[in-house]
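Visitor: I would like a close look at a single part of this model, taken slowly, with its surroundings explained as we go. Could you choose one helix and lead me through it?

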Amino acid sequence: MILHGADPTVQPWPARLGAMAFALALAAAGTTHAQSACAGLAPGADAPIRNLAYAAPEAGVPASVLKLDLWPGATPLPAPLVVFVHGGTWMHGGKYAGTPQQARAFRAAGYAYATVNYRLLRHGPPQEAAQDIAEAVAFLRREAKGCGLDPDRIILMGHSAGAHLAALVALDESYLTAAGVPPEAVRAGVLLDAYGLDIARHVRETGDRVYARVFGPDPSGWTAMSPVSHAAPGRRPPPMILHVVAGHPETPGQAEALAGALRAAGGEAEVHAARGESHNSLNYGFGAEGDATTRLTLDFLSARVR
C-alpha cells in the first residue's frame, strides 16, 4: 500500500432487451437510432450530452434510471472512455456524482467521460444494477463512431458502492457478455474507496445488516457478488488502481484483498491510501488542481490504456 497526501506539491440477471428490441423501443418513441447521440455537438465542445437513454425501462422502472451523461473526447481522434458509476450504498445517489470537474480532468488528458444512472435497490437487486452498467457500456460502444469514442478502450470507474459494481462488471464476464460487449474491451478499473469487494468476508466478520439487506441471506449470493471471487486464473483481469482513505476501518483491507487476488490471477493492481481525505472527498475532489488521486490515476492509465 502506498501512502500519499491529499495534495502532493449469484448468477447475473439476463439483459432486459437485446439490441434489436432496444432499437424497436426507440423507434416507437419517435427516435431514429441511426442518428448519432452526439449529432449537432461541436467537436471539442466543453459540454455534456445529458440524459441519453441507454436502454428501455421495464414496467415500474422510471425512465430516468436508465440514462447517462456523456462528455465526448476533446479532439477528433477516438478517445478512450471512462464510465463512472456513482455510489450510495446501492440504494441512493445518481449520475450527478460524476462531476464536471472529473469530466474535464479526464478530457484534458485525452479521454471521453460518461456518468451513468442504474437501478437502485428499490427497483431491483444489485445483479440488475450490474447488468444496467454493462448495457450502458454496450450503448456507448454502439455510439462510438458518432461520438469519437474508442469502443475497445473502456475504463470502468466507481466510488463506494459504485466501485463495487464497476469492479464486478469488469471481473465477472457474464454481465458484459449478456450485453454483447467483449470483456476485453474493458481495459482498466479505477476504484475510489470501494465497499463490497469481499462481501462474504465482510458479512461473516461484522454481521453488517446493510449488506445482508442488499445482498440477501444466502452466503452463496455474497460470494457471487464479490469482485474478489472473480479475480481468478483463466482470464487475465484488467489492471486496477484502488484509492482508499488512510485509516478507514474497512476499505483498505478490502482493497488489499482484491489487489492480492488480481495479482494472483496474473493481473496488475495498485493500492493508494490517501491521508487527509474522507470517503466523499476522494470522489468530489477528483479533478481539482493538485489532487493526488487524480494525478496517480492519470499516470496509471497513461501507462496502460493510452
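Guide: Before we begin, a word on naming: helices and strands here are DSSP runs, a helix having at least four residues and a strand at least two, and they are numbered from the N terminus. The model is a predicted one, and its protein chain comes to twelve helices and nine strands. Of the 306 residues of the chain, 55% count as buried.

The part I have chosen is helix 10, which covers residues 251-264, and a good way to reach this helix is through the loop that lies between strand 8 and helix 10, where His-248 is found. His-248 has a relative accessibility of 18%, and because buried means under 20%, this residue counts as buried. Leaving aside residues up to four places away in sequence, His-248 touches Asp-193 and Tyr-195.

Helix 10 itself has 14 residues, and from its first C-alpha to its last it reaches 20 Å, which is close to the 20 Å expected at 1.5 Å a residue. Its buried residues are Thr-251, Pro-252, Gln-254, Ala-255, Leu-258, Ala-259, Ala-261 and Leu-262. To read such a list, it helps to remember that an α-helix has 3.6 residues a turn, so residues three or four places apart point the same way. With that in mind, you can follow Thr-251, Ala-255, Leu-258 and Leu-262, which are among the buried residues, along the helix in the structure.

What do these buried residues of helix 10 pack against? Among the helices, their partners are helix 5 (161-171), helix 7 (199-206) and helix 8 (209-215). Strand 7 (186-192), strand 8 (240-245) and strand 9 (269-275) are packed against as well, and strand 8 is also the element from which the loop holding His-248 leads to helix 10. After the helix comes Gly-266, a residue whose phi is positive, near 90°.

To set this part within the chain as a whole, we can look at the outer surface and at the open space. The accessible surface of the chain comes to about 12200 Å², and 55% of that surface belongs to carbon and sulfur atoms. The largest pocket holds about 250 Å³ of space, and of the 19 residues that line this pocket, Gly-87, Gly-88, Thr-89, Ser-160 and His-279 lie nearest its centre. By class, the lining of the pocket has seven nonpolar, ten polar and two charged residues.

Conventions:
Residues are numbered from 1 along each chain as its sequence is written. This is a predicted model: local features need pLDDT of at least 70, side-chain atom pairs count only at pLDDT 80 or more; totals for chains, interfaces and linings use all residues. Side-chain values use heavy atoms; hydrogens and water are left out. The expected span of a helix is 1.5 Å times one less than its number of residues. Buried means under 20% relative accessible area, exposed over 50%, partly exposed in between (1.4 Å probe, protein chains only). Contact means heavy atoms within 4.5 Å. Accessible areas come from the Shrake-Rupley method with a 1.4 Å probe; for residues, only the protein chains shown count as cover. On a 1 Å grid over the protein atoms alone, a cavity is a set of points where a 1.4 Å probe fits but cannot get out, and a pocket is an open set with protein on both sides within 12 Å along at least five of seven lines; lining residues have an atom within 4 Å of a point. Grid points are joined across faces, edges and corners, and a volume is the space filled by probe spheres set on the points. Ala, Val, Leu, Ile, Met, Phe, Trp, Tyr, Cys and Pro count as nonpolar, Asp, Glu, Lys and Arg as charged, and the others, Gly among them, as polar.
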